[in-house]
Amino acid sequence: MSSSTVPGLCVRPAVASDLAALVRLRDDAARWMLARGITGQWRPGELDEEHFRRVMARGEVWLAETGTGLAGAWELWWQDEDAWGPQPPVAGYVHRLMVDRTAAAPGTGRALLAAAERRVAEAGRTWMRLDCLADNERLNAYYVDAGYRVVGRKEGKPQPGGPPKSFTLLEKRVG
């Protein structure tokens, strides 16, 4: 699948040989956030290859590449009861949208989000949903700017490798 908004950007499902690159991308994104004073969201070393292997077994992990290599990735889940509770199968849930800040062109994050939205619509689902750390005002605004609307808040959502956190729940109609 190619992206029309960032020239040369192609997305594909991740495979087992991508696991180390996914961990590296996630850790680099965490270091980038920490260097800019964005604390409380991601920490380097928090997720390992086994995390991404588990997600690939029950959902999807997608990579975005350019001619120079990995530009970003995201997880796509088909249910998210920890954040959204039991729901009918009408949505896809994007998690861990990551961009390689040293290699990706401007607009890559939006291109990844658009690719995830297309995948959800192609699967016959009507809504793209995500949760965003409630305290990260800049990231919440980014998603609202991308056409998502705030529909709620989840207090105390369990986190892999860390304490529960509070999240803003956002959704966008895609189908």
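Start with strand β4 (91-99): with 6 residues, β4 supplies the largest share of the lining of the largest pocket. Helices and strands here are DSSP runs numbered from the N terminus (helices are H or I with at least four residues, strands E with at least two). Before you click on, note that this is a predicted model, where local features need pLDDT of at least 70, side-chain atom pairs count only at pLDDT 80 or more, and totals for chains, interfaces and linings use all residues. Residues are numbered from 1 along each chain as its sequence is written, and side-chain values use heavy atoms, with hydrogens and water left out.

**Stop 1: the pocket**

Select Gln41, Trp42, Leu97, Leu139 and Tyr143, which lie nearest the centre of the largest pocket among its 44 lining residues. A pocket is an open set of points on a 1 Å grid over the protein atoms alone, where a 1.4 Å probe fits and protein lies on both sides within 12 Å along at least five of seven lines; lining residues have an atom within 4 Å of a point. The volume is about 1000 Å³, meaning the space filled by probe spheres set on the points, with grid points joined across faces, edges and corners.

Now colour the lining by residue type. You should get 22 nonpolar, 9 polar and 13 charged residues. For that split, Ala, Val, Leu, Ile, Met, Phe, Trp, Tyr, Cys and Pro count as nonpolar, Asp, Glu, Lys and Arg as charged, and the others, Gly among them, as polar. Elements that each give at least two lining residues include α1 (19-35), α2 (49-58), α5 (137-145) and β7 (162-173).

**Stop 2: helix α2**

Next, show α2. Its buried residues are His51, Phe52 and Val55. Looking down the axis of α2, you'll find these buried residues within an arc of 90°, so they line one face of the helix; the arc is that of the directions from the helix axis to the C-beta atoms. Buried means under 20% relative accessible area, exposed over 50%, and partly exposed in between (1.4 Å probe, protein chains only).

What do the buried residues of α2 pack against? Turn on α1, β2 (60-66), β3 (69-77) and β4. Contact here means heavy atoms within 4.5 Å.

Pick Val55 in α2, which counts as buried at 1% relative accessibility. Leaving aside neighbours within four places in sequence, Val55 is in contact with Glu60, Val61, Glu75 and Trp77. For a distance check, go from Val55 to Thr68: 13 residues apart in sequence, and 26 Å apart in space, C-alpha to C-alpha.

At the N-terminal end of α2, look for Asp48 acting as a cap, with a side-chain oxygen 3.2 Å from the backbone nitrogen of Glu50.

**Stop 3: Glu75 and Arg96**

Select Glu75 in strand β3. Is Glu75 buried or exposed? Buried, with a relative accessible area of 0%. Residues that Glu75 touches, not counting those up to four places away in sequence, include His51, Phe52, Tyr93 and Arg96.

Show the side chains and follow the polar contacts. Glu75 makes one with the side chain of Trp77 (3.0 Å) and another with that of Arg96 (2.8 Å). A polar contact is a pair of N or O atoms within 3.5 Å; within protein, one must be able to donate a hydrogen and the other to accept it, and residues adjacent in sequence count only if both atoms are side-chain atoms.

Arg96 sits in β4 and counts as buried at 13% relative accessibility. Its side chain also makes a polar contact with the side chain of His51 (3.2 Å). Check the backbone too: phi of Arg96 is near 50°, a positive value in a residue other than glycine.

**Stop 4: Pro164 and Ala123**

Move to Pro164 in β7, which counts as exposed at 52% relative accessibility. Beyond neighbours within four places in sequence, Pro164 is in contact with Gly156, Lys157, Pro158 and Gln159.

Finish at Ala123, in the loop between α4 and β5, partly exposed at 36% relative accessibility.
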